[in-house]
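Welcome! Let us take a short walk through the charged side chains of a protein and see how they pair up.

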Amino acid sequence: MPSQQLTEIVEKPEEASEETLLVMRPLEDLLDRLGIGVGPIEAIRIGEGNSNPTFRLVREGGTVVLRRPPRPPFQAGAHDVLREAKIQQALAGSGIPVPRILHVCVDESLLGVPFYLMEFIDGQVLTTELPSSLNSPSGRQELVTQLVRTLADVHAVDWRGCGLSSFDRGETALARRVMRWARVWSETRSRDIADVNTARELLLSRIPPSTPRTLVHGDYRLGNVMVAPHSPVRIRAVLDWEVATIDDPLLDIGWLLACHPEPGDEDGTLTSLASGLIGPGLPTRNDVVELYQDATQRELPDLNWYIAFAYWRGAVGLESIYRQTVAGNGESTQFTRGLETGIPALAAHAMEYISKC
């Protein structure tokens, strides 16, 4: 699992600066009350994302994972770790592999934000590289198969029985989703991309008929699952439930397809986040569709709309990162540098698929 040693830690809450993500003394007191280990905490940053910073907290006799929002301010409704924890608690015992929630802290006096603690699971989050045990035609085939089957299991969850009815708005709301992302584009764009605007209008004019609602993860892709470190291939945990809801399940499969790499895909786009999959034996996007249909027995007559929406949503979402990078406020990496051409390419893919509807 990718990690980096955290250096932004202070001992006393009153000494915390705006750069502080963890404050050790109150965390040690909390772990003491919960009976999780003893002594000083070593904090290790987990993952490369910044949506909700995640840390492994290690002390003698105990290891847990802490997940919190980034430093405020941020958009209302974003980075909702309490929502994420509630969904994972509801899914305990459902058969969906999720980390067990150990404690939810709404007391913002500890870190300045709410946060939660969950069990540490030994596994790997895969993005640009595969471990040697999976770096083979059969390994790629089995990994993608398990990824798709787990998504099918998510969509089969009895969400009412799990206690997730409060996440149900009573209807699929595809038009509302398009308009929400259109507002994001108007607020964050740094340039004009004609295909983004045209695709928005076509998406709105070609909304497909409603599909029976299921639990929807909202960001289901390779980088948001944890894979067992050894053979056989197993999905040990589905992570990052921040935007999960009850809605149209084809939103998830459209997003998974847009994030699924094939040889020749552009750098700096969604597929770059799973580029380690590319190699002999990798199932194609068409194979992914067949795997999902076999697992769900679901017809997918309007799938092109969902794929178009996924590419368009990706273009809109990545534009904010591009804008920050251009302004000098974001990290310059191969991925962010590729966004200059990668985002228009995503918008062009959206146009390609919406034209088939």
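What follows is a report on salt bridges and on one acidic residue without such a partner.

Please keep in mind that this is a predicted model.

**The salt bridges**

Side chains of opposite charge can pair when their charged atoms come close. How many salt bridges does the structure hold? The count is 12. Three of them, including their N to O distances, are set out here.

| Acidic residue | Basic residue | N to O distance |
|---|---|---|
| Glu-84 | Arg-67 | 2.5 Å |
| Asp-240 | Arg-67 | 2.9 Å |
| Glu-262 | Arg-285 | 3.2 Å |

Let us begin with Glu-84 and Arg-67, whose side chains meet at 2.5 Å. Helix α2, residues 81-91, carries Glu-84, while Arg-67 belongs to strand β6, residues 62-67, so their salt bridge ties together parts that are 17 residues apart in sequence. Both Glu-84 and Arg-67 are buried. For Arg-67, the relative accessibility is 7%.

Arg-67 also forms a salt bridge with Asp-240, at 2.9 Å. This pair links distant parts of the chain, as Asp-240 sits in the loop between β11 (235-238) and β12 (245-247), 173 residues apart from Arg-67 in strand β6. Is Asp-240 buried or partly exposed? With a relative accessible area of 24%, Asp-240 is partly exposed, because buried means under 20%.

The last pair in the table brings Glu-262 together with Arg-285, at 3.2 Å. Glu-262 is found in the loop between α6 and α7 (285-296), and Arg-285 in helix α7 itself, so this salt bridge ties together parts that are 23 residues apart in sequence. Arg-285 has a relative accessible area of 15% and is buried.

Which residues are joined into one network by salt bridges that share partners? They are Arg-67, Glu-84 and Asp-240.

**An acidic residue without a salt bridge**

Now turn to Asp-252, which lies in helix α6, residues 250-258. Asp-252 is buried yet has no salt bridge. How far away is the nearest side chain of opposite charge? That side chain belongs to Arg-313, and the distance is 6.4 Å. A salt bridge needs the two atoms within 4 Å.

Asp-252 does have a polar neighbour, though: a polar atom of its side chain lies 2.9 Å from the backbone nitrogen of Gly-218. Gly-218 is also one of the residues that Asp-252 touches, leaving aside those up to four places away in sequence. Among the others are Leu-151, His-155, Leu-215, Val-216, His-217, Asp-219 and Tyr-220.

How values were computed: Residues are numbered from 1 along each chain as its sequence is written. This is a predicted model: local features need pLDDT of at least 70, side-chain atom pairs count only at pLDDT 80 or more; totals for chains, interfaces and linings use all residues. Side-chain values use heavy atoms; hydrogens and water are left out. Helices (H or I, at least four residues) and strands (E, at least two) are DSSP runs, numbered from the N terminus. Buried means under 20% relative accessible area, exposed over 50%, partly exposed in between (1.4 Å probe, protein chains only). Lys and Arg count as positive and Asp and Glu as negative; His and the chain ends are not counted. A polar contact is a pair of N or O atoms within 3.5 Å; within protein, one must be able to donate a hydrogen and the other to accept it, and residues adjacent in sequence count only if both atoms are side-chain atoms. Contact means heavy atoms within 4.5 Å.
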